[in-house]
Structures are given as C-alpha cells and as structure tokens.
Amino acid sequence: MTLTAEQRRAVASKAHALEVRAGAGTGKTTTLAHRLARLAAEGAPEHRLLAVTFTRDATVALERKLAIILGRGHGVRVSSFHAWAARELAPEEPRYLAQDDARRIVLRALQRRPPRLGFSSALGAGSEDLASRVLGFLSFVKNAETSVGGAIDRQFPALAPYVAELESLAERYAEEKRDRLDYDDLLLRFRDRMRGATFRMDVSSRLDHLAVDEFQDVNAPQAEVVRLATTGPEAPSVTVVGDARQSIYAFRGGGPQHLDRFLDAYGKHGARVPLTVCFRSTRAIVRAGNALLPDAHPLRARPKAPPGVEPTLAGYDDGLAEARGVAEHLAALRETGAQPQDCVVLVRARSLASRFVEEARERGVDDVPVATIHAAKGLEWDHVVLLGAREGGLPSSHALRAAPAAQPSLLEEERRLLYVAVTRARKTLMVTWAGTPSRFLAPLREPAAVVAARPARRKRAAAIA
C-alpha cells in the first residue's frame, strides 16, 4: 500500500511522544504497523517494541499487517493492557478471579437479596445479563476510582433510586472476592506498582517503544500507566493512535479527555500528526460524518472515491413499521446483488434487534448481521442501516434523564455513537426512527444530504421536520 503524505509523516516522526489523530477509515493500523517496522529497521530490537490494543480483532489486524511488512516470524509484541499487566505482575504470583467466577458471586448476591422492581431495567439489562451489567457498574466504580454514588452522578443517572442495593452488592462482591484480583483489580495493581520508581524502571528498561491503539478508549489508570512508562530519564518513546470523535466507552471510565491531554506530559518532545484521508467510504458518507461532528481535521475522501448516494433518512409511524421498512430495504439490496456479509443493521441497544430479526425473516431476509454500535466499532460494511435513531433511543433515555451537571457529557457521547455508526458505511447508509427523530440528525436534514424515505408496506414514512 502506498502511504499518504500524512501517513508518511507519522511513520517518520522522530518525536519522543507522537499522537496520531486518525479519523475513521484513514488507515491507522497500516500507519502504526509501518511506524513499528521503521523503528525496527533503524535498529530497535523487535522484542523491545510493544503495541497495546483493546480487542482481539484489533490485535489480529495489527499482527497481520506486521507479518506482511516484517515477515511472519517477527518479534514485535502485540498485547492487551490486561495481558501486559499480568505479564509484568507475574513474579508476584497474584491470585486471579476468573470472569465467570466474578459473575457467579454477583448472581448469588442477587439471589440472596433480590433488588427492588425496576432495578434491571434501570441497568438496561435483561434477566440473562443482569449480573454482567452489575459487574460493569462495579468496574466503572473501580476504574473511575469513585463511590457508588459518584458513579451514578457521573454516568448512570437512572440508577439513582438504587444506591442502597448497589452499595450492598459492592460490599458482598468485595467480601467474597477477598484478596483475588479480578479484571479491573489487575489493571489497578499494575498502575499502583508503576507508581513505584524501581518497578517502573524495570518495566521501562525492557522497552524501546510503546505504541497504543485506540487511545481515545483508555480510562484514567491506563492513561497513567502509559505516561509513567514513557516519561523520565531513558524512558521508551511512545506513539498513541486515536480519534476523539470515536470515544464511546465512558461507561468503562474512558473518555476523549485522555487523548486530548496526552501530549501535556511531554512538552517540546511531543508532536501531533492528523490522518484525514478516508479510504473506506464514498464522498457522500464522508460528508455525512463531517456534518455530524465538525472538527479541526475533517475527513477527506480519497481522491478516486466515488461520489456515492446520499444517506436515506426514514421516519415511521411505529417500531413495527420501522422494522418492516428496514427489512424491505435489505431485501431490495439483495436483489441488486448485495451479499449478507456486505450488510449490517446497527442498534443502540440489543433490545431493538429481536423485532427487526423477526420482521426480516418474514420477508425472506436471513443471516443479516445485527450488531450494537459499540460492537461495530472498528468494523465496516458496504451497506449500513442504523435502526432506532429517535429521541430516547439515540440519545438514550438514560442520557435525557440525567442530572443537569452530567447531561452534557452523556449527550456528547451519544452524538459520538451516531458518528461511529455512520462511519461504518462504505457505500450506502440508511438511518431510521419511529416517533421523534434524534436531535443529532439535524445536520443531515439539509437538502444535499437527504433522500426521501421509502415507506414500509401499508405504512407511510413520516416526513422529516
């Protein structure tokens, strides 16, 4: 692959701390792999280069790129934050708590003292994943290093009536866990040990360069670990890659502020390079993304990108008509030759998926991927449908009911979710809703960005206000 001028600048930068602002579809994995390969070519032993990723898919993608550039037997290490922490803490032989065991502890606590009516829905959980949602809440409490009440104020306003239940669950979980380290304890233990000079120097001395993918998703302990490992005398250099517009994990303690403040610790030794050429999408999709989140570095379509068709915005009378309309849209795509793997329906919450799947099957549309926006991050499809872009859906009712102090940040995260959904599309995009359209769709209502909605069978699509 021929690198763009921006990518070449990022690969060649000699800055001790480099921040690569990589917009959606701009080839960040390729750029990061070439930068690591350049460091190896200039003499850095491959085993002293560490790349930290967040998901298995990201790890596989980076390792694949490195294998193409360096060969299959390369020695560059690619790891998750937690795997890195476990490796560095291994000499201490900590006792670990498996995720399944953590879930069982919460399940027992819920069975012994069932919470009041409404607790499950306030967590956004069905009966099958209530324990997982409780663990997610407790994870936020730990990673944000706050109290149950503080977590509710900052991120989970719908749980305000259930402070007592959550405090009791947190106490019982801690009692049964005892001195074992769960997933979040592992990271916090690593951060705490990194605060000690001897441990920190030992970790840093085995690295020449640390690279972190998706830095907009790090939480405060992870950001601190990166800073501690790469500042001070003879510390390894560091590259972080991220896009603040795609920061959508506040419920895990993440946030764009960590990327925005990254260079503060490095002064004149830091540099920033934006990647703005989108290789993924048509010009119409790129324009739609830019309209949703204007930025100092708006995306540009690659020079030979096709113009593409403008996004379709379609409002329906109710959720059933919306599901029918989307199913018919997908059936029409199939008739033009689109394959199942080319299409996806994205939803804000899993609860929307079942109705759509039922309607799609009734119309002979089988095996169409349905995914949450969070799960779709980092992926792409030719044809994307965003289902449920209504007030109370995206933005969520939880964000709309938040206390005034917390609401602005929650609403901005919801807007970023919409941006992530839109920028998954390569060729076509359909955005649908039943009821009141999302406030975030306003920039897409300009005549140049709207195609008249096709109504569902026997239903009339609502006009765009």
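Contact here means heavy atoms within 4.5 Å. The legends below describe close-up views of a predicted model.

**View 1. Helix α7 packs on helix α9.** In this view, V134, L135, F137, L138 and K142 of α7 make contact with L166, L169, A170, Y173 and K177 of α9. By class, the residues of this contact are eight nonpolar, no polar and two charged. Helix α7 covers residues 130–143, and its axis is 11 Å from that of α9. The angle between α7 and α9 is about 85 degrees. That angle makes α7 roughly perpendicular to α9.

**View 2. Helix α5 crosses helix α9.** Helix α5 spans residues 99–112 and helix α9 spans residues 163–177. Their axes come within 10 Å. The crossing angle is roughly 130 degrees, which makes α5 oblique to α9. The crossing is right-handed. On the α5 side, the contact residues are A102, I105, V106, R108, A109, L110 and R112. On the α9 side, they are L169, R172, Y173, E176 and K177. This contact divides into seven nonpolar, no polar and five charged residues. L169, Y173 and K177 of α9 appear in the contact with α5 and also in the contact with α7.

**View 3. D185 sits among charged partners.** D185 belongs to helix α10, residues 183–194. Is D185 buried or exposed? D185 is buried, at a relative accessible area of 13%. Neighbours within four places in sequence are set aside here; beyond them, D185 contacts K142, K177 and R180. Two of these partners return from the earlier views: K142 lies in α7 and K177 in α9, where they take part in the contact of those helices.

**View 4. Helix α14 is mostly covered.** Helix α14 runs over residues 283–292. How many of its ten residues are buried? Seven are. They are A284, I285, V286, A288, G289, N290 and L292. The cover over these buried residues includes two helix or strand elements from late in the numbering, α19 (407–422) and β13 (425–434). It also includes the strands β7 (277–278) and β8 (300–301).

**View 5. Two cysteines, C278 and C343, without a disulfide.** The structure holds zero disulfides. Why is C278 unpaired with C343? The closest cysteine sulfur to that of C278 is in C343, and at 19 Å it is too far for a bond. For scale, a disulfide needs the two sulfur atoms within 2.5 Å. Seen from the other side, C343 is in no disulfide, and its nearest cysteine sulfur is that of C278, 19 Å away. C278 is buried, at 2% relative accessibility. C343 is buried too, with a relative accessible area of 2%.

**View 6. A cis peptide bond before P395.** L394 and P395 are joined by a cis peptide bond. Its omega is about 15 degrees. P395 lies in the loop between β12 (381–387) and α18 (397–400).

**View 7. Positive phi at E93 and E234.** Neither residue is glycine, yet each has a positive phi. For E93, phi is near 50 degrees. E93 is in the loop between α4 (81–89) and α5. At 67% relative accessibility, E93 is exposed. For E234, phi is near 60 degrees. E234 is in the loop between α12 (220–230) and β5 (237–242). At 81% relative accessibility, E234 is exposed.

**View 8. Loop residues P161 and G196, with C-alpha separations.** P161 is in the loop between α8 (148–154) and α9. P161 is partly exposed, with a relative accessible area of 46%. From P161 to A197 is 36 residues along the chain, and their C-alpha atoms are separated by 44 Å. G196 is in the loop between α10 and α11 (197–204). With a relative accessible area of 29%, G196 is partly exposed. From G196 to L228 is 32 residues along the chain, and here the C-alpha atoms are separated by 9.7 Å.

Key:
Residues are numbered from 1 along each chain as its sequence is written. This is a predicted model: local features need pLDDT of at least 70, side-chain atom pairs count only at pLDDT 80 or more; totals for chains, interfaces and linings use all residues. Side-chain values use heavy atoms; hydrogens and water are left out. Axes are lines fitted to C-alpha atoms, for helices over the stretch in contact, and angles run from 0 to 180 degrees between N-to-C directions. Helices (H or I, at least four residues) and strands (E, at least two) are DSSP runs, numbered from the N terminus. Angles under 35 degrees count as roughly parallel, over 145 as roughly antiparallel, 65 to 115 as roughly perpendicular and the rest as oblique. A crossing is left-handed if the near helix is turned anticlockwise from the far one by less than a right angle, and right-handed if clockwise. Ala, Val, Leu, Ile, Met, Phe, Trp, Tyr, Cys and Pro count as nonpolar, Asp, Glu, Lys and Arg as charged, and the others, Gly among them, as polar. Buried means under 20% relative accessible area, exposed over 50%, partly exposed in between (1.4 Å probe, protein chains only).
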